[in-house]
Amino acid sequence: QAKLTGRNQYHFFDTNLDEEVRTHHNQRTEVRHALINNELRLYYQPKVNMRTGVVVGMEALLRWQHARRGVLSPAQFLPLVEQTDLIIDIGEWVLRQALWQIRRWSAAGQHWVVSVNIAARHFQRPDFVPRLKAILDEFPGVRPNMLELEILESSALHDLEHVRRIIRACQALGITFALDDFGTGYSSMSYLKRLPADIVKIDQSFVRNMLNDPDDLHLVRAVIGLARSFSLTVIAEGVESVEHGARLLELGCDLAQGYGIAHPMPAETVLDWAGSFVPAPQWQAALHHSDG
Ligand code: C2E
Ligand code: MG
Ligand code: MG
Ligand code: MG
């Protein structure tokens with residue numbers, strides 16, 4: 001009897017695992033169809049220079065315009081595909097879409113640098129650089145220095161030397177590099193020394209709580225100091241209020257991005273947004289203060 005139970009349990013788990021694998025497979029197939037059927041979209045979130053109030057760039061953020069479920073965020077569908085080569089097809093679609101958008105905005109007189117998030121699996125492909133170069137060649141009017149790539153610190157974990165070479169090769173093309181979600185990896189410090197990044201993005205979890213949590217404030221201050229001592233541009237993400245912005249400016253942060261400035265929005269609304277954007281007076285006040 002005990003044996004039978006054991007076997008039943010075994011079958012029970014086995015069946016569940018099968019189902020999970022099948023479900024994941026079906027979900028990946030759905031995402032592939034979304035790509036093919038043109039249901040993926042890029043939303044854009046502005047990046048602002050806090051000292052001048054100038055909009056300097058846009059981060060491209062992926063969305064799935066799902067026929068039944070509405071707009072889905074990356075957390076709802078990307079983790080599943082990040083372990084497969086589908087992430088490479090999606091990543092290349094994102095790159096093309098972003099380059100196309102840079103060209104449109106430039107034609108409208110807005111020369112914004114557009115940043116694209118690149119998954120570790122995609123970035124570490126041996127042919128990443130030649131393929132990226134080929135994609136850039138499809139857009140002869142777009143200078144590579146209009147494109148920025150954001151990688152997670154953790155992307156560099158596996159083979160730091162390899163990643164370093166890829167970054168250098170991209171920089172040789174004119175592309176800039178940002179380390180995203182900086183401060184969340186446990187060896188952030190040593191990465192700054194070993195990876196030739198141009199930009200550090202302070203993770204939003206620290207920025208969001210910095211006005212209430214002294215530890216987060218210390219962390220934000222330390223990252224800004226560190227980035228500046230390496231002569232890197234530092235951007236804060238998750239800037240949800242004018243008070244955050246003013247404090248960050250005092251701390252010496254260069255750029256800001258967050259709901260306090262703008263939520264990510266469809267490409268069609270970006271020009272209108274920029275036309276009516278007025279930087280917060282608190283930032284200007286902090287500016288005069290630090291100048292005087
Ligand atoms: P990320 O690159 O760190 O992007 C910042 C995320 O924070 C975005 O979430 C953005 O909408 C959100 N955010 C911006 N400002 C604020 C704020 O003030 N408060 C709060 N609470 N959140 C804010 P989103 O769009 O859901 O993207 C999540 C992550 O998915 C991104 O984090 C990025 O790692 C990944 N991702 C997005 N698009 C792509 C893509 O095209 N390719 C790849 N591989 N990953 C992507
Ligand atoms: Mg990012
Ligand atoms: Mg981030
Ligand atoms: Mg993130």
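## From the magnesium site outward

Along the chain, the donors of the magnesium ion (ligand 3) follow the spacing D-D-x55-E. These protein donors are D180 (OD), D181 (OD), E237 (OE) and E237 (OE), and they lie 2.0 to 2.4 Å from the ion, where donors are N, O and S atoms within 2.8 Å of the metal (3.2 Å for Na, K and Ca) and where sites may look incomplete, since water is not among the atoms. The magnesium ion (ligand 2) is 4.1 Å from the magnesium ion (ligand 3), and D180 coordinates both. D180 and E237 link distant parts of the chain, with D180 in strand β6 (residues 176–182) and E237 in the loop between β8 and α10, 57 residues apart; helices (H or I, at least four residues) and strands (E, at least two) are DSSP runs, numbered from the N terminus. Both D180 and E237 are buried, a word that stands for under 20% relative accessible area, with exposed meaning over 50% and partly exposed the range in between (1.4 Å probe, protein chains only).

The structure is a predicted model, in which local features need pLDDT of at least 70 and side-chain atom pairs count only at pLDDT 80 or more, while totals for chains, interfaces and linings use all residues. Residues are numbered from 1 along each chain as its sequence is written, chains are lettered from A and ligands numbered from 1 in the order in which they are written, and side-chain values use heavy atoms, with hydrogens and water left out.

D180 appears again at ligand 1. Of the 22 residues around this ligand, R63, D180, Q204, E240 and Y259 come nearest, a residue being near a molecule or strand if one of its heavy atoms lies within 4 Å of it. An oxygen atom of ligand 1 is 2.8 Å from an N or O atom in the side chain of R63, and an oxygen atom of ligand 1 is 2.9 Å from an N or O atom in the side chain of N117. A nitrogen atom of ligand 1 is 3.1 Å from a polar backbone atom of L62. Taken alone, ligand 1 exposes 810 Å², and the protein buries 84% of that; these accessible areas come from the Shrake-Rupley method with a 1.4 Å probe, and for residues only the protein chains shown count as cover.

D180 is also one of the residues in contact with I151, which, leaving aside its neighbours within four places in sequence, touches I118, F123, V163, I167, F177, A178, L179 and D180, contact meaning heavy atoms within 4.5 Å. I151 is found in strand β5 (residues 147–152) and is buried, with a relative accessible area of 0%. I118 is 33 residues from I151 along the chain, yet the C-alpha atoms of the two are separated by 5.7 Å.

A buried charged residue is found in helix α3, where E92 lies; E92 counts as buried because its relative accessibility is 6%. The side chain of E92 makes a polar contact with the side chain of R131 (2.6 Å), a polar contact being a pair of N or O atoms within 3.5 Å, of which, within protein, one must be able to donate a hydrogen and the other to accept it, and for which residues adjacent in sequence count only if both atoms are side-chain atoms. Leaving aside neighbours within four places in sequence, E92 is in contact with H122, R131 and I135.

Side chains of opposite charge can pair when their charged atoms come close. With a salt bridge taken as a side-chain nitrogen of Lys or Arg within 4 Å of a carboxyl oxygen of Asp or Glu, the count comes to 16 salt bridges. One of them joins the side chains of D85 and R125 (3.8 Å, N to O), linking the loop between α2 (78–81) and α3 (86–107), which holds D85, to the loop between α4 (120–123) and α5 (128–137), which holds R125, 40 residues apart. D85 is partly exposed at a relative accessible area of 41%, and R125 counts as partly exposed at 28%.

E240, already named at ligand 1, meets R208 in a salt bridge between their side chains (3.7 Å, N to O). That pair also links distant parts of the chain, R208 lying in helix α8 (residues 204–209) and E240 in the loop between β8 (233–236) and α10 (242–251), 32 residues apart. R208 counts as partly exposed at 34% relative accessibility, and E240 is partly exposed with 37%.

Within helix α10, R247 and E250 are three residues apart, so about one helical turn separates them, and their side chains meet in a salt bridge (3.0 Å, N to O). R247 is partly exposed, with a relative accessible area of 25%, whereas E250 counts as exposed at 57%. Elsewhere, salt bridges that share partners join K47, E59, E148, E150, K201 and E237 into one network, and E237 is also a donor of the magnesium ion (ligand 3).
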